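Reader: Hey, got a minute to go through the rings in this one with me?
Author: Sure, let me pull it up.

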Amino acid sequence: MKKICNPILRGYHPDPSIIRVGEDYYVATSTFEWWPGVRLHHSRDLIRWELIEYPLNRVSQLDLRGVGPSQGIWAPCLTYDKGTFYLVYTVVKAFYCNMYDTENYLVKAKDIHGPWSEPVALNNFGFDPSLFHDEDGRKYMVSMVTDHRVPKKYVGRLVLQEFDASEERMTGPVRDIYRADGIFLEGPHIFKRNGWYYLFSADTGTGEGHGQTIQRSRDVWGPYEMYRPYDGKRQPGEAYSILTSRHHEELPLQKAGHCDLVETQDGEWYAVHLCGRASEDRNPEDAERFAGARRYMLGRETAIQRMRWTEDGWLVLAEGGNTPRETADAPRCAERRFEGEALAGEERDSGETLTRDEFEGEGEYPCGSVHRGSCIPVKGSKELSGSG
């Protein structure tokens, strides 16, 4: 069986959002205060990924002048409905003194390659917006909202409001669908399966305690029930994470969380998530901030895990437990694609034959972490297919 090697997008690809359209998979990631704000990658097998577009390629769509460090684009959400691609995103202008200046926008396109529309202003009371397309044609936006009161009444809230697609504006009441004084949630997405609405959210910030929770309700407005899987290392007051590296400093993939979910054409389920790979260096013990913390020189990266649904309708890691793996079994479409390429002799329209180097798991890095599955033209073609 083919394997997916994590991270699938290496080096500074945080906050992944994934969709499938037919046989094509697309992932959106953010670049914070750095241009282009959002990057789009494409795959047909979840193994090999190619950078294809910068959807926010005009200043009228994204103006980052004056934006400070760690601000800019946070957690873009890419969705697709009835022939249209939707991208919602936050432009964070400030988050000082417990106050967040968060402008949320939407752009759309008929083709993933664009052109993408001028932005539609949505609101500015929270960040990490996600657009949900319900089966009845109605659309909703869920987002995280910080509490600016001192002392805080809530650590963080998730709010829901309807989006009127015909008028391209938010409409109706804004309602809390989650609030708590202990378990901090952000990066929410809503999915619907078998009559259940699932609220899929990141928990516990973005550091080494990061994780992912799941809740469900029969009504999109809630109330939502939290899934509470057994975790022998969980401490009182911690989140009930279905994916986390918390309490596992030895794992290569740290900071696991901030997931998005996709179903393959064969009914398999995968979750993309951000992660980080720690270096051996640590901050000085007398550092003003993050004293003694491990350093992550490549920033936050994108990984993927195979998922499954339990008999009682909860989502869990396919291999059990709740910790991220460096490899995942590839979907059936990947097996078909590789078999089809072999039968075709790896030929392109130009008639040039391509060769592939395969690394089958010897040594420390079972997937060949530096070079994996790249197609190399024999006669110097300019076209390359690979994961980079």
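Author: One definition before we start: a charge sits over a ring if NZ of Lys or CZ of Arg is within 6 Å of the ring centre and within 35 degrees of the ring normal. Also, this is a predicted model.

Reader: OK, so which ring does R175 lie over?
Author: R175 lies over the face of W221, at 4.7 Å from the ring centre. There's also R218, whose charged end sits over the ring of W196, 3.8 Å from its centre.

Reader: Switching to ring-ring stuff: how many aromatic pairs are there in the whole structure?
Author: A search turns up 13. One of them is F132 with Y140, a stacked pair at 6.4 Å centre to centre and 25° between the planes.

Reader: Are those two buried or exposed?
Author: Both F132 and Y140 are buried. F132 also stands opposite Y140 in β11.

Reader: What about Y198 and W314, how are their planes set?
Author: Their planes are at 80°, so that pair is edge-to-face, with centres 6.4 Å apart. Y198 is in strand β15 and W314 in the loop between β21 and β22, 116 residues apart. Both are buried.

Reader: Which rings cluster with them?
Author: Ring pairs link Y198 and W314 with Y227, W269 and W309.

Reader: Back to β11, what sheet is it in?
Author: An open, antiparallel sheet of 4 strands, ordered β10-β11-β12-β13. β10 and β13 are the edge strands. Neighbouring strands are turned by 20° against each other on average, direction ignored.

Reader: And how many bridges join β10 to β11?
Author: 5 bridges.

Note on methods. Residues are numbered from 1 along each chain as its sequence is written. This is a predicted model: local features need pLDDT of at least 70, side-chain atom pairs count only at pLDDT 80 or more; totals for chains, interfaces and linings use all residues. Side-chain values use heavy atoms; hydrogens and water are left out. Rings of Phe, Tyr and Trp (its six-membered ring) pair if their centres lie within 6.5 Å; planes under 30 degrees apart count as stacked, over 60 as edge-to-face and the rest as tilted. Buried means under 20% relative accessible area, exposed over 50%, partly exposed in between (1.4 Å probe, protein chains only). Helices (H or I, at least four residues) and strands (E, at least two) are DSSP runs, numbered from the N terminus. Two strands pair if DSSP finds at least two bridges between them. Axes are lines fitted to C-alpha atoms, for helices over the stretch in contact, and angles run from 0 to 180 degrees between N-to-C directions.
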